[in-house]
Amino acid sequence: MAKIPKNLSDKDMMAGYVEDTSLEDVFLKAEKEADAKRRARAGIEPPADLARAGFTPALTDKLGRALLELKMELYREGIREYTFKISRDGHNIVLTPKPLQQKKK
């Protein structure tokens, strides 16, 4: 057995020591890699379907707010059941609310 040197710093005592990888280290590394892949996928936006082509999230939000305002106005006017007629007039898209026919008793 070799003689143990005295008065060495921690760094000097650990010089040349290579720790074997344990099962815990393998699992931690795999978990970190999976987390990095998950974060990378979250940053990539999935391709928009054709029906919403050209609409950014900001435009979609703006459209949703405008439709909510229209819905509230219709509710105040007493129109609770309606549908939309969608038409195109040149470069404009027109949404026209159409009240549904009430069933007569």
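These numbered notes go through the structure from its overall make-up down to single residues.

1. Model and confidence. This is a predicted model. The mean pLDDT of the protein chain is 83, and 87% of its residues reach 70 or more. Among the elements, β1 has the highest mean pLDDT, at 91. Helix α1, residues 10–13, has the lowest, at 86.

2. Overall make-up. The protein chain holds three helices and two strands. Read from the N terminus, their order is α-α-α-β-β. The helices come before the strands.

3. Burial and contacts. How many of the residues count as buried? Of the 105 residues in the protein chain, the share is 1%. Now take the contacts with a separation of 6 or more. Residues 24 or more positions apart account for 6% of them.

4. The segment before α1. Look at N7, which lies in this segment. N7 has a positive phi of about 60°, although it is not a glycine. Most residues other than glycine have a negative phi. Is N7 buried or exposed? N7 has a relative accessible area of 82%, and the cut-off for exposed is over 50%, so N7 is exposed.

5. Helix α2. This helix covers residues 23–43. Its 21 residues should span 30 Å, because each residue adds 1.5 Å. The end C-alpha atoms of α2 are 31 Å apart, so the expected span and the model agree. How many residues of α2 are buried? The number is zero, so α2 lies largely in the open.

6. Helix α3. Residues 57–76 make up this helix. The same check on length works here: at 1.5 Å a residue, the 20 residues of α3 should span 28 Å. Its end C-alpha atoms are 29 Å apart, which agrees. After α3 comes G78, with a positive phi near 90°.

7. A charge over a ring. Find R80 and Y75. The charged end of R80 sits over the ring of Y75. It lies 4.1 Å from the centre of that ring.

8. The hairpin. Strand β1 is residues 82–89, and strand β2 is residues 92–99. They pair in the antiparallel sense, over eight bridges. Two residues stand between β1 and β2, and the strands form a hairpin. In the turn, G90 has a positive phi of about 70°. Which residues stand opposite each other? D89 stands opposite N92 in β2. Y82 stands opposite P99 in β2.

9. The aromatic pair. The count of aromatic pairs comes to one. Its members are Y82 and F84. Their ring centres are 5.7 Å apart, and the planes make an angle of 80°. The cut-off for edge-to-face is over 60 degrees, so this pair is edge-to-face. In a regular strand, side chains alternate between the two faces of the sheet.

10. Exposure of the pair. Are Y82 and F84 buried, exposed or in between? Y82 has a relative accessible area of 22%, so Y82 is partly exposed. F84, at 31%, also counts as partly exposed. The reason is that buried means under 20% and exposed means over 50%.

Definitions and conventions: Residues numbered from 1 in each chain as written. Heavy atoms only, no water. Phe/Tyr/Trp six-rings, centres within 6.5 Å; stacked < 30°, edge-to-face > 60°. Buried < 20%, exposed > 50% of the residue type's maximum accessible area, 1.4 Å probe, protein only. Lys NZ or Arg CZ within 6 Å of the ring centre and 35° of its normal. Pairing = 2+ DSSP bridges. Helix = DSSP H or I, 4+ residues; strand = E, 2+ residues; numbered from the N terminus. pLDDT = per-residue confidence, 0-100. Expected span 1.5 Å × (residues − 1). Contact = heavy atoms within 4.5 Å.
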